[in-house]
Amino acid sequence: MGWGLRLFAGTLALAAAAAGGVGVWGVQRYTTPGPLEQAETVVIPRGSGLEAIAIMLGDSGVIRSPLVFAAAAKLTGTFRELKAGEYQFPAGISIEGVLEQMRQGRTVVRRITVPEGLTSAQVVALLERETVLTGEIAKPPKEGSLLPETYHFAYGDSRAALVERMQTAMTQALAEAWKSREPNLPYVTPQQALTLASIVEKETGIAAERPRVAGVFVNRLESGMKLQSDPTVIYALTDGSGDLGRSLTRNDWKFESPFNTYQISGLPPGPIANPGKASLQAVMKPERHEFLYFVADGTGGHVFAKSLPDHNRNVAKWREIQQGRQPEPGGTSSE
């Protein structure tokens, strides 16, 4: 505390002792509404002392007098409990209100939404764009290990800690979904189910379709057919960095990669994205049907087929609907 604050605090303390309390004037200054005309956000850095806090609040217009604030904090004993962080103080808040808010650590709660189907590289990029987060993510998280969800955080939280929370959430979600799985599925480990869920996630954004899409891939796995999923090719071509930025070609289907399900049989060696809970649930309880093919219908959904001739007719209809527009991703090949 600087000499000015020490002098003021000492003077006020002596006056309070002489009066047997803080006095009418002190109480009024303590409880009177402050100068703020509208809500104000103030960041109190970690390690800030009482003098620095008082000056920051004064400079921000939250309080009228840093000296009175510091003295009140001393006299009430709250100066030892003031917490750092990002605060939003409401209009007219009193010194009493400021001290109580900071004592309780009622900081601003921020939110970040991780959309379903992002690769881990894309999630890391999302976190790096959050300027109020701190630190670096030293090691890229494993693909499929982050649960898409809305997460709350505070100013100054670390990116690495947020990644750990996402990983814990995915571990728990996968374990819960695995417990509810149907018997006799063509995958025998939670990791295999996670891999298929990531493919389902990339194939359709329509929640109601996910169990049906999962059922198509279950049928293909059980019959020994290749999955032939376009998103796996995109993942292979981009090395998991994100969108390809163009339409797939037939030559792309020939790209040699353990993730290219046009070239390999069965599941790829790992997830191609981070699936949400709905896709996890879809592969644990897939819709039972006889469909082996699906293709985009031009409205965001898909049309399903049991045979290759039916699928080819659906593809032709879809191309007519598109009329030269860029094709939508999703669907199994007719080859």
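Q228 is found in the loop between α9 and α10. In this predicted model, the backbone at Q228 has a positive phi of about 50°, although the residue is not a glycine. Is Q228 buried or exposed? Its relative accessible area is 10%. Buried means under 20%, so Q228 is buried.

A second residue of this kind is N184. N184 is not a glycine, yet it has a positive phi of about 65°. Its place is in the loop between α7 and α8. The cover, however, is another matter. The relative accessibility of N184 is 71%. Exposed means over 50%, so N184 counts as exposed. A positive phi also appears just after α9, where G224 takes a value of about 80°.

Helix α9 itself runs over residues 210-223. How far apart should the ends of its 14 residues be? At 1.5 Å a residue, the helix should span 20 Å. The expected span uses one less than the number of residues. The end C-alpha atoms of α9 are 20 Å apart, so the model agrees with the expected value.

Helix α9 is mostly covered, with 10 of its 14 residues buried. These are R210, V213, A214, G215, V216, F217, V218, N219, R220 and L221. An α-helix has 3.6 residues a turn, so residues three or four places apart point the same way. What covers the buried residues of α9? The cover includes two helices, α8 (190-203) and α12 (277-284). It also includes two strands, β5 (293-296) and β6 (302-305).

Aromatic rings also join α9 to its surroundings. The count comes to 6 aromatic pairs. One of them is formed by F217 and F294. Their ring centres are 5.8 Å apart, and the planes meet at 80°. An angle over 60 degrees counts as edge-to-face, so this pair is edge-to-face. The pair links distant parts of the chain, with F217 in helix α9 and F294 in strand β5, 77 residues apart. Both F217 and F294 are buried.

F294 has a further partner, F304. This pair is tilted, with 5.6 Å from centre to centre and 35° between the planes. F294 lies in strand β5 and F304 in strand β6, so the pair ties together parts that are 10 residues apart in sequence. F304 is buried, as is F294. Ring pairs link F217, F291, F294 and F304 into a cluster.

Charged side chains lie over rings as well. R212 lies over the face of F304, at 5.5 Å from the ring centre. Elsewhere, the charged end of K74 sits over the ring of F79. The distance from the centre of that ring is 4.1 Å.

The nonpolar interior was examined next. The largest nonpolar core has 50 residues. Which residues have the most contacts inside this core? They are Y187 and V283. At least two residues of the core are supplied by each of α6 (120-128), β4 (150-153), α7 (159-179), α8, α9, α10 (230-238) and α12. The largest share, 9 residues, comes from α7.

Another buried residue is I63. The place of I63 is in the loop between α3 (50-59) and α4 (66-76). Its relative accessibility is 4%. That value falls under the 20% cut-off, so I63 counts as buried. Leaving aside neighbours within four places in sequence, I63 is in contact with P35, A54, L57, G58, F69, I95 and V98. One of these contacts, I95, is 32 residues away in sequence. In space, the C-alpha atoms of I63 and I95 are 6.8 Å apart.

The whole protein sets these details in context. There are 13 helices and 6 strands. Of the 335 residues, 45% count as buried. Contacts between residues at least 6 apart in sequence were also sorted by separation. Among them, 65% join residues at least 24 apart. The protein exposes about 16700 Å². Carbon and sulfur atoms supply 53% of that area.

Conventions:
Residues numbered from 1 in each chain as written. Predicted model: local features only at pLDDT ≥ 70, side-chain atom pairs only at ≥ 80, totals over all residues. Heavy atoms only, no water. Helix = DSSP H or I, 4+ residues; strand = E, 2+ residues; numbered from the N terminus. Buried < 20%, exposed > 50% of the residue type's maximum accessible area, 1.4 Å probe, protein only. Contact = heavy atoms within 4.5 Å. Areas by Shrake-Rupley, 256 points an atom, 1.4 Å probe, with all protein chains shown as cover. Phe/Tyr/Trp six-rings, centres within 6.5 Å; stacked < 30°, edge-to-face > 60°. Lys NZ or Arg CZ within 6 Å of the ring centre and 35° of its normal. Core = buried A, V, L, I, M, F, W, Y, C linked by side-chain atoms within 4.5 Å.
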